[in-house]
Amino acid sequence: MKIGIIGIGTIGKGVLELLKKEKKKIEKRIGESIEISWICDLKEDIDNIKEYNFTNNYKKVLEDDSIETIIELIGGNSVAFDIAKETLKSKKNLITANKHLLATRGKDIFKLAKDNKVKVFFEGAIAGGTPIVSSIYEGVFSGGIKRIRGILNGTSNYILSKMEEGYSYNEALTIAQEQGYAELDSTFDVKGIDTAHKISLLSYLIWDEFIDYNHILIQGIESLTEKDIEFAKSCEKRFKLIGEATKENNTIKIIVKPILIDKNDLLYNVKDAYNGIESYGNYLEKTFFYGKGAGALPTATAIIGDLYKIKNSNAWY
């Protein structure tokens, strides 16, 4: 299996680390050897990549006819869309952790994949190392899900956990950045935009219908204060940033906002950079997913899993 990786930031480096440390196990699982034919990034001073072919021009990667799968990890929905579009048109499979791209341009991307008879996988786009996408698409989907809700952003959850320890919002954000759970620009995380991207993708997987991103009610955690956190404690509750999607009478409704969670709620004990997601079905009733939602290696683990699916599963569109 020959692959190209476009974007060597935190997640990209995590993918390279796993492919080095667990190469034999991964290849045994997939059933063939893996070769990284090209690495592409705008930076040219990246550590530990001298053994690979490197370029800062993604078109050079796509021009290599021997590559069958591109892993896109640059983020955003402008250049990333061009990369995705050209990848699929060149008959190459696409693995991405880019929820922004899929939530806003997914309809076009999935159509291109179908038209060109290639695959798109995106386990790493929604809940880091928590295999919610595979579980919903290949498992509990048959239970007729009618509602899904959860903590889908490890960064904001980590910040809220630190605020419960007595830190201010700004102090908690700084700690999250120092620990590698938050980018220097964490706007999408704290304003709920990242959660909205993820819950809209989950709703698409469940109900096969794209929701216009502009129609989602979004409220983040940036306005929460120490007084709010103390009030929640006095009520034996906690604030959690929740993304929720429901379908009633053929209408899908999606909201993202901080909600006071009761101590009897399973989401109450989801702390730090972890995600917790509940689905409610007509037949399975409640199903709960829990796992690390932020960090390089959890997301990289999901991406490696998508490499296996390239050979053994149908695409998610």
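The paragraphs below lead through helices, a sheet, salt bridges and enclosed spaces in this structure, which is a predicted model.

A starting point is the N-terminal part of the chain, where helix α1 covers residues 10-21. Two of its residues, E17 and K21, stand four residues apart, about one turn of the helix. Their side chains form a salt bridge, and the closest N and O atoms are 2.9 Å apart. The two partners differ in how far they are open to the surroundings: E17 is partly exposed, with a relative accessible area of 31%, whereas K21 is exposed, at 59%. K21 counts as exposed because its value lies over the 50% limit.

Helix α2 spans residues 23-30 and contains E27. This glutamate has a relative accessibility of 16%. The limit for a buried residue is under 20%, so E27 counts as buried. Leaving aside residues up to four places away in sequence, E27 touches E32, S33 and I34.

Helix α2 also takes part in a pocket. The second largest pocket has a volume of about 160 Å³, and its lining consists of L18, I26, R29, I30, T301, I304, G305 and Y308. Both α2 and α12, the latter covering residues 296-312, supply at least two residues each to this lining. Which helix gives the most to the lining of the second largest pocket? It is α12, with four residues. Sorted by class, the lining has five nonpolar residues, two polar ones and one charged one.

The next stop is an enclosed space. One cavity of 30 Å³ or more is counted in the model, and the largest cavity holds about 30 Å³ of space. In general terms, rolling a probe the size of a water molecule over the atoms shows where empty space is left. The residues around the largest cavity are A103, S200, L201, S203, Y204, E209, F210 and I211. Helix α10 provides the largest share of this lining, four residues. By class, the cavity lining divides into five nonpolar, two polar and one charged residues.

Helix α10 runs over residues 193-207, and the loop between α10 and β8 contains D208. The backbone of D208 has a positive phi of about 55°, although the residue is not a glycine. With 60% relative accessibility, D208 counts as exposed, because this is over 50%.

A second residue with a positive phi is found further along the chain. E236, also not a glycine, has a phi near 60°. E236 lies in the loop between α11 and β9, where β9 covers residues 237-248. E236 is partly exposed, with a relative accessible area of 46%.

Helix α11 itself, residues 226-234, holds both E230 and K233, which are three residues apart, about one turn of the helix. These two form a salt bridge in which the closest N and O atoms are 3.8 Å apart. K233, at 37% relative accessibility, counts as partly exposed, and E230 is partly exposed as well, at 45%.

Strands β8 and β9 belong to an open sheet of six strands with mixed pairing, in the order β8-β10-β9-β7-β11-β12. At its edges are β8, residues 217-218, and β12, residues 285-292, each of which pairs on one side only. As a general point, strands of a sheet pair through backbone hydrogen bonds, either parallel or antiparallel. Strand β11, residues 274-281, pairs with β12 in the antiparallel sense over eight bridges. Within this part of the sheet, Y274 stands opposite K292 in β12.

The last topic is a group of charged side chains. E278 and K286 meet in a salt bridge, at 3.7 Å from N to O. Is E278 buried or exposed? E278 is buried, because its relative accessible area of 1% is under the 20% limit. K286, by contrast, is partly exposed, with 47%. The pair belongs to a network of salt bridges that links R147, R149, E244, D265, E278 and K286. Across the whole structure, the search finds 23 salt bridges, including the one between E17 and K21 in α1 and the one between K233 and E230 in α11.

Note on methods. Residues numbered from 1 in each chain as written. Predicted model: local features only at pLDDT ≥ 70, side-chain atom pairs only at ≥ 80, totals over all residues. Heavy atoms only, no water. Buried < 20%, exposed > 50% of the residue type's maximum accessible area, 1.4 Å probe, protein only. Contact = heavy atoms within 4.5 Å. Salt bridge = Lys/Arg side-chain N within 4 Å of Asp/Glu carboxyl O. 1 Å grid on protein atoms, 1.4 Å probe; cavity = no way out; pocket = protein on both sides within 12 Å on 5 of 7 lines; lining within 4 Å. Points joined across faces, edges and corners; volume = space filled by probe spheres on them. Nonpolar A, V, L, I, M, F, W, Y, C, P; charged D, E, K, R; others polar. Pairing = 2+ DSSP bridges.
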